[in-house]
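These are my notebook entries on one protein chain. I set down what I looked up, entry by entry.

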Amino acid sequence: MKVSIIMGSTSDLNVMQAAMTTLEEFGIEYEKRVISAHRTPQFFSEYISKAEERGIGVVIAGAGGAAHLPGMAAAMTHLPVIGVPIQTQALGGMDSLLSIVQMPSGVPVATMAINGAKNAALYAVQIASLTEADVKEKLIEFRKKQAEKVLNATI
């Protein structure tokens, strides 16, 4: 399975990089693209509608402000879409979060925390682990190491 990571502008890259790094750690292939549901709607429509043809199994979409990118992606594909609200200066990312999480019934977007790109990637890893045994093994090992780190912590 391949993941598509899309973001509304280059300023979102510093947040979305965490998703890329996490997918790389699990050996999951991804493509990345700056794309705008507002500024390039025709290109966006074509890009999303052909995602499955490119081998995409999950879309991770990061957006700030009005944050329509994840919702529009979910409206145009049957693939799972994971939304990452990007922190904004004006409202601290609450505008982004509320825009993504308030999808109408029938068009779901799995919504992460503000700037939660790492968890978005881990959610994509969980989806991949359902059908890819090697990813499942890496995920189990990741969780085991997380638990060990907590259990071995000293205060």
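**Entry 1: The largest pocket**

I began with the largest pocket and found 22 residues lining it, with Gly8, Ser9, Asp12, Ala63 and Gly64 lying nearest its centre. I note at once that the model is predicted. For the volume of the largest pocket I recorded about 330 Å³. I then sorted the lining by class: 12 residues are polar, 8 are nonpolar and 2 are charged. As background, I wrote down that rolling a probe the size of a water molecule over the atoms shows where empty space is left.

**Entry 2: Serine 99**

Next I looked up serine 99, which is placed in helix α4, residues 94-101. Is serine 99 buried, partly exposed or exposed? Its relative accessibility is 22%, so I entered serine 99 as partly exposed; buried would require a value under 20%. I also checked its distance from alanine 63, one of the residues nearest the centre of the largest pocket. Serine 99 and alanine 63 are separated by 36 residues in sequence, and their C-alpha atoms are 9.7 Å apart. Setting aside neighbours within four places in sequence, I listed Gly65, Ala66, Ala67 and His68 as the contacts of serine 99.

**Entry 3: The nonpolar cores**

I recalled that in soluble globular proteins, nonpolar side chains tend to be buried together. The largest nonpolar core here has 26 residues, and those touching the most other members are Val3, Ile5, Met16, Leu23, Ile28, Ile60 and Val84. At least two residues of this core come from each of β1 (2-7), α1 (13-25), β3 (56-63), β4 (81-85), α5 (117-129) and α6 (133-151). Which element gives the largest share of this core? I found that α5 does, with 7 residues.

I followed isoleucine 5 in particular. Not counting residues up to four places away in sequence, isoleucine 5 touches Met16, Ala19, Met20, Leu23, Tyr30, Glu31, Lys32, Arg33 and Ile60. Apart from the largest core lies another, of 19 residues, including Ile6, Ala51, Val59 and Ile100.

**Entry 4: The whole chain**

Last, I looked at the protein chain as a whole. I counted 6 helices and 5 strands, and along the sequence they follow the pattern β-α-β-α-β-α-β-α-β-α-α. The radius of gyration is 16 Å, which agrees with the value near 15 Å for a compact globule of 155 residues. Along the principal axes, the C-alpha atoms fill a box of roughly 50 × 40 × 30 Å. Of the 155 residues, 41% are buried. Among contacts between residues at least 6 apart in sequence, 67% join residues at least 24 apart.

How values were computed. Residues are numbered from 1 along each chain as its sequence is written. This is a predicted model: local features need pLDDT of at least 70, side-chain atom pairs count only at pLDDT 80 or more; totals for chains, interfaces and linings use all residues. Side-chain values use heavy atoms; hydrogens and water are left out. A nonpolar core is a set of buried Ala, Val, Leu, Ile, Met, Phe, Trp, Tyr and Cys residues joined through side-chain atoms within 4.5 Å. Buried means under 20% relative accessible area, exposed over 50%, partly exposed in between (1.4 Å probe, protein chains only). Helices (H or I, at least four residues) and strands (E, at least two) are DSSP runs, numbered from the N terminus. Contact means heavy atoms within 4.5 Å. On a 1 Å grid over the protein atoms alone, a cavity is a set of points where a 1.4 Å probe fits but cannot get out, and a pocket is an open set with protein on both sides within 12 Å along at least five of seven lines; lining residues have an atom within 4 Å of a point. Grid points are joined across faces, edges and corners, and a volume is the space filled by probe spheres set on the points. Ala, Val, Leu, Ile, Met, Phe, Trp, Tyr, Cys and Pro count as nonpolar, Asp, Glu, Lys and Arg as charged, and the others, Gly among them, as polar. The radius of gyration is taken over C-alpha atoms; the globule rule is 2.2 Å times the number of residues to the power 0.38.
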